[in-house]
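Grab a coffee and work through these exercises with the viewer open. Each one gives you a task and then a solution in steps.

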Amino acid sequence: MEVIGNDWDKLLDNIWNSEGFKKFMTVIKSKYKENTCFPEYNNIFNALKLTPYSKVKIVILGQDPYHGTGEAHGLSFSVQEGIRKPPSLKNIFKELKDDLNIEEPESGNLTGWAKEGVLLLNSVLTVQKDKPASHKDLGWDLFTDHIIKLLNEKETPIVFILWGSFARSKKVYINTEKHYVIESTHPSPFSANNGFFGSKPFSKANNFLIKTNQTPVNFNLKKN
C-alpha cells in the first residue's frame, strides 16, 4: 500500500495495512469533515514525503501543527509561503543567524531543510482550527513514536534536536550512544532566553555529521 511514495511505505507497510490504523484514519477523516482542521488533509504526512527514511540526517521534533488558517503544511515549525512567521520560528532564525551567520529568509517555509535531510516531524500531525493541541489525545503519538523508534534503528548515526520538555520526553526512544541528541528549552518567547538562545544546535548538528563522514546540511533557505 503506497501512502508516502518513498521508502517509508515499505517500513510502515504493517502500519498502513493494520485494522487499527485504518480505524484511526477514519476518525481523522471524520474530524476533517466535522470541522476545519490543519494541515490540509493531503499534507498530513508531508514530513515523510519530503524526507525519505534513507535521507534523514537530522530530526527536529515539534508538538502539533500551527492552528491558524494557512499556516501548517505538515512540517514542524514551518509555515507556508506568504504567511507571517510565528514567534518560535522567528527565534529559530535568530539562533541560526547567531550560530551560522545565516540571515533570516523572507519565507518561513522550511521545505528546503526537509529536502536537505531534516525530518521536521510533529508528534501530533493534525489540529482543529484555532484549537491548539485539540487532536493530542486521538492517538497520533503511537504512530510518531514508532517513527522515532524506526529512526533509532538506522545504521547511520543521526541527530535528534529536541526543543522543550515535550520533545525531550521522546529521548527515551533514542540510543544516545549511537545517535547525537541536542536538547534545550523551546524556542518559544516564553522560554527561549532560558537555554535556547546560544545553544548553537545547527553548528553542533553539522559538526556531528562531518565527524561521522556525512555531508552537512545547508541551512540557508535564501533563494540564490
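## Exercise 1: Aromatic pairs

A search through the whole of this predicted model turns up 20 aromatic pairs.

**Task.** Take the rings of Phe 45 and Trp 140 and work out what kind of pair they form.

**Solution.**
- Start with the general idea: a ring pair is described by the distance of the centres and the angle of the planes.
- The ring centres of Phe 45 and Trp 140 are 5.9 Å apart, and the planes sit at 75 degrees.
- Planes over 60 degrees apart count as edge-to-face, so Phe 45 and Trp 140 make an edge-to-face pair.
- Now place the partners: Phe 45 is in the loop between β1 and α4, whereas Trp 140 belongs to helix α7. They are 95 residues apart, so this pair links distant parts of the chain.
- As for burial, Phe 45 has 10% relative accessibility and counts as buried; Trp 140 is buried as well, at 0%.

**Task.** Stay with Trp 140 and describe how its ring pairs with that of Phe 143.

**Solution.**
- The centres are 6.0 Å apart and the planes at 65 degrees, so Trp 140 and Phe 143 are also an edge-to-face pair.
- Both residues are in helix α7, and being three residues apart puts about one helical turn between them.
- Trp 140 and Phe 143 are both buried.

## Exercise 2: The core and Trp 113

**Task.** Find out how many residues the largest nonpolar core has, and which of them have the most contacts inside it.

**Solution.**
- The core has 67 residues.
- Those with the most contacts inside it are Trp 8, Phe 45, Trp 113 and Phe 143.
- Helix α7 supplies the largest share of this core, six residues.
- Next, look around Trp 113. Beyond its neighbours within four places in sequence, its contacts include Ile 60, Phe 93, Val 118, Leu 120, Phe 202 and Phe 219.
- Trp 113 also belongs to a cluster linked by ring pairs, together with Phe 77, Phe 93, Trp 163, Phe 196, Phe 197, Phe 202 and Phe 219.

## Exercise 3: The two sides of α3

**Task.** Check whether the length of α3 agrees or disagrees with what its residue count predicts, then sort its buried and exposed residues.

**Solution.**
- Helix α3 runs over residues 19–34, which makes 16 residues; at 1.5 Å a residue they should span 22 Å. The end C-alpha atoms are 23 Å apart, which agrees.
- The buried residues of α3 include Phe 21, Phe 24, Met 25, Ile 28 and Tyr 32. These cover an arc of only 95 degrees around the axis, so they lie on the same side of α3.
- Among the elements covering those buried residues are α2, β1 and α7.
- On the face turned away from the buried side, you'll find the exposed residues Glu 19, Gly 20, Lys 23, Thr 26, Lys 33 and Glu 34.
- Take Glu 34 as a check: its relative accessible area is 54%, so it counts as exposed.
- Glu 34 and Gln 128 are 94 residues apart in sequence, yet their C-alpha atoms are 9.8 Å apart in space.

## Exercise 4: A covered strand

**Task.** Work out which way the residues of β3 point, and which strand pairs with β3.

**Solution.**
- Here's the general rule: side chains in a regular strand alternate between the two faces of the sheet.
- In β3, Val 118, Leu 120 and Asn 122 point one way, while Leu 119 and Leu 121 point the other way.
- Five of the five residues of β3 are buried.
- Strand β2 pairs with β3 in the parallel sense over five bridges. In one of them, Gly 62 has Asn 122 as its bridge partner.
- Helix α7 comes into the picture too: Thr 144 is found there, and this residue touches Leu 121, Asn 122, Ser 123 and Leu 125.
- Thr 144 has a relative accessible area of 0%, so it is buried.

## Exercise 5: Backbone oddities

**Task.** Which residues are joined by a cis peptide bond, and where do you find a positive phi outside glycine?

**Solution.**
- The cis bond joins Phe 38 and Pro 39, with omega at about -5 degrees. Pro 39 sits in the loop between β1 and α4.
- Asn 101 has a positive phi of about 60 degrees. This residue is in the loop between α5 and α6 and, at 53% relative accessibility, counts as exposed.
- Lys 200 has a positive phi of about 50 degrees. Its place is the loop between β6 and α9, and at 32% it counts as partly exposed.

Key:
Residues numbered from 1 in each chain as written. Predicted model: local features only at pLDDT ≥ 70, side-chain atom pairs only at ≥ 80, totals over all residues. Heavy atoms only, no water. Helix = DSSP H or I, 4+ residues; strand = E, 2+ residues; numbered from the N terminus. Expected span 1.5 Å × (residues − 1). Buried < 20%, exposed > 50% of the residue type's maximum accessible area, 1.4 Å probe, protein only. Arc of directions from axis to C-beta. Contact = heavy atoms within 4.5 Å. Core = buried A, V, L, I, M, F, W, Y, C linked by side-chain atoms within 4.5 Å. Pairing = 2+ DSSP bridges. Phe/Tyr/Trp six-rings, centres within 6.5 Å; stacked < 30°, edge-to-face > 60°.
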